[in-house]
Every structure is written in structure tokens, then in C-alpha cells.
Amino acid sequence: MTTFKDIFKSDFLNSTNLNTFSLSDTLIALGISFILGLFIYFVYKKTYKGVMYSAAFGVSLLAMSMITTLVILAVTANIVLSLGMVGALSIVRFRTAIKEPMDIAFLFWAIAAGIVLGAGLIPLAIIGSVIIGVVILIFSNIKSIGSIPYILVVNCDYRAERSVNQVIGFAAHKYILKSKTVTKSGLELTYEIRIKDKEAYAVNKLMSLEGVVNAVLVSYNGEYMS
């Protein structure tokens, strides 16, 4: 039975000194991880719904896939090195804030592809990545077909509140009053509404109502208000 002291004996170290390292296998694995990383980057770019697109994050997905593949190749090639990597990676802390939930999914996708490739399961990595990419592309497009959420802020006097609700009820598929601020000068009404882009012009009718001071329509992704 091998004891803990035997791990540090020279004969044990020599027997596990990169004896399974293969240059050709490494180049193939890194090449495929580069291609899969490009595919993940392409899917991320196609499905990104925000305005401030970060090209650096897309490149980091490509790098994450290749780096993870390299780490797994090193771990599977040397037992002693794997023990050191486990200890080193356990103290690493990442402080970068992830703003979009889908960004986390893409990060795990890139890491998982690298792990599977480093383990030598190339067909699983390719088939799994293709299926995941197709599913994300399909469901991201389905989401854009339906009504779009907005935040509508209306400033009006007390007499115009009922008329405002009637106009919003006619223009929106669904609406919810999120907040109502009452002051001596009037009301500030905040709604979460769902309308299609071509129906956004209906909000202009609010300004034709007597007692409405202004109306602001803001695209809403669920993070501005609770």
C-alpha cells in the first residue's frame, strides 16, 4: 500500500513525471477547444440582448475554454501536479461582477467544454456544445417574438389618473402599477407594461389627455425595480 510519504520519494516522482504527455494529443485538444471557443463566442454574440456589448467577455470565453483544456491535460498527465493544482485553485477568488444571468451560463459552458476535451471525450464535447448552442439560439429568438417589457412613468394631476389607466389598458397586453407617488402638485405613476414595438406609439396618446404633464417609456429587463 502506498503511503503519503511514498508520494515524495524520487522513484514515485519519476514514475509519474509526465509519462502520459503527448504533443500531438495536446495540439489536437487545444485546436478543438479553440474551435469550440469560437462557436461559444459566436453564440454569445448572436444572443446578446443588451446595448453595451463587451467584446472582451466574448474573447474571455474563448480563452476560458482553452485554458481549462490545458489544465485538465496537465492534471491527467501528472498525479503530483494535480495535487498542487487542486490546492492552488482552491485559494483563487474571482471578484468580477456578473450582471447578466446568461453570462454565467456561457462561462460554465466554456469551462465544461474545456474539461470534457481535456479528459479526451472529444465527441461528447462537440455534440454537447452544438446541442447547447442550438437550444440557446432557438430560445433567445422565441423570447424576442413576444411582447417586450417596459417601465412607464407618468406625471399627471389627480383628475387624469383614471384616463391614464384606460389608455394604458388599451395599449398594453398586460400592465401592473408598480408605484404611486402623491404630492400637492399631482401624481407620479410607475407602471410595468408589456407591449410590442409597433404599439409603443400608443403611449403618445397619454400626452393628449388633459392633466398629463409628461410620460417616459423605458425598456425594462427586470433589474431596475423589484
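Which residues is isoleucine 193 in contact with, leaving aside its neighbours within four places in sequence? They are Ile148, Pro149, Tyr150, Leu152, Ile168, Ala172, Lys174, Tyr175 and Leu217. This is a predicted model. Isoleucine 193 is a good place to enter it, but the overall plan comes first.

The protein chain has 226 residues, and buried residues make up 30% of them. It contains seven helices and four strands. Their order along the sequence is α-α-α-α-α-α-β-α-β-β-β. Contacts reach far along the chain. Take the contacts between residues at least 6 apart in sequence: 72% of them join residues at least 24 apart. The accessible surface comes to about 14,800 Å². Carbon and sulfur atoms account for 67% of that surface.

Now return to isoleucine 193. It is one of the 17 residues in the largest nonpolar core. Six members of this core touch the most other members: Leu152, Cys156, Val164, Ile168, Ile193 and Leu206. Three elements give two or more residues each: strand 1 (148–156), helix 7 (161–171) and strand 3 (187–195). Strand 3 gives the most, with five residues. A second core is separate and has 10 residues, among them Tyr44, Leu61, Leu107 and Trp109. In soluble globular proteins, nonpolar side chains tend to be buried together.

Tyr44 leads to helix 2, where it is one of the buried residues. Helix 2 covers residues 23–47, which is 25 residues. From its first C-alpha to its last, helix 2 reaches 36 Å. That is close to the 36 Å expected at 1.5 Å a residue. The other buried residues of helix 2 are Thr26, Ala29, Ile32, Ser33, Leu36, Gly37, Ile40, Val43 and Thr47.

Ala29 offers a step to helix 5. Alanine 29 and valine 116 are 87 residues apart in sequence, yet their C-alpha atoms are 9.9 Å apart in space. Valine 116 sits in helix 5. Leaving aside neighbours within four places in sequence, valine 116 is in contact with Leu121, Leu124 and Ala125.

Glycine 114 is also in helix 5, which spans residues 101–118. Is glycine 114 buried or exposed? It counts as buried, because its relative accessibility is 0%. Not counting residues up to four places away in sequence, glycine 114 touches Ser65, Thr68, Thr69 and Ile72. Leucine 73 lies 9.6 Å from glycine 114, C-alpha to C-alpha, with their positions 41 residues apart in sequence.

Next, the surface. Which residues form a nonpolar patch there? They are Ile126, Ile127, Val130, Ile131, Val134, Val135, Ile138 and Phe139. Together they have about 710 Å² of accessible area. Isoleucine 138 belongs to helix 6, residues 122–145. Its side of the story is intermediate: isoleucine 138 counts as partly exposed because its relative accessible area is 44%.

Charged pairs come last. How many salt bridges does the structure hold? It holds three.

One joins aspartate 157 and arginine 159, with the closest N and O atoms 3.5 Å apart. The two partners differ in exposure. Aspartate 157 is buried, because its relative accessible area of 18% falls under the 20% cut-off. Arginine 159 is exposed, because its 69% is over the 50% cut-off.

Another salt bridge joins lysine 180 and glutamate 161, at 2.9 Å from N to O. This pair links distant parts of the chain, 19 residues apart. Lysine 180 is in strand 2 (residues 174–182), and glutamate 161 is in helix 7. Lysine 180 counts as partly exposed, at 42% relative accessibility.

The remaining bridge joins glutamate 192 and lysine 178, whose closest N and O atoms are 3.6 Å apart. Glutamate 192 lies in strand 3 and lysine 178 in strand 2, so the bridge ties together parts 14 residues apart in sequence. Lysine 178 is partly exposed, with a relative accessible area of 30%.

Strand 3 thus appears in two settings. It gives five residues to the largest nonpolar core, and it holds glutamate 192, a salt-bridge partner of lysine 178.

Terms used: Residues numbered from 1 in each chain as written. Predicted model: local features only at pLDDT ≥ 70, side-chain atom pairs only at ≥ 80, totals over all residues. Heavy atoms only, no water. Patch = residues over 30% accessible without salt bridge, like charges linked within 9 Å, V, L, I, M, F, W, Y side chains within 5 Å. Areas by Shrake-Rupley, 256 points an atom, 1.4 Å probe, with all protein chains shown as cover. Salt bridge = Lys/Arg side-chain N within 4 Å of Asp/Glu carboxyl O. Buried < 20%, exposed > 50% of the residue type's maximum accessible area, 1.4 Å probe, protein only. Contact = heavy atoms within 4.5 Å. Core = buried A, V, L, I, M, F, W, Y, C linked by side-chain atoms within 4.5 Å. Expected span 1.5 Å × (residues − 1).
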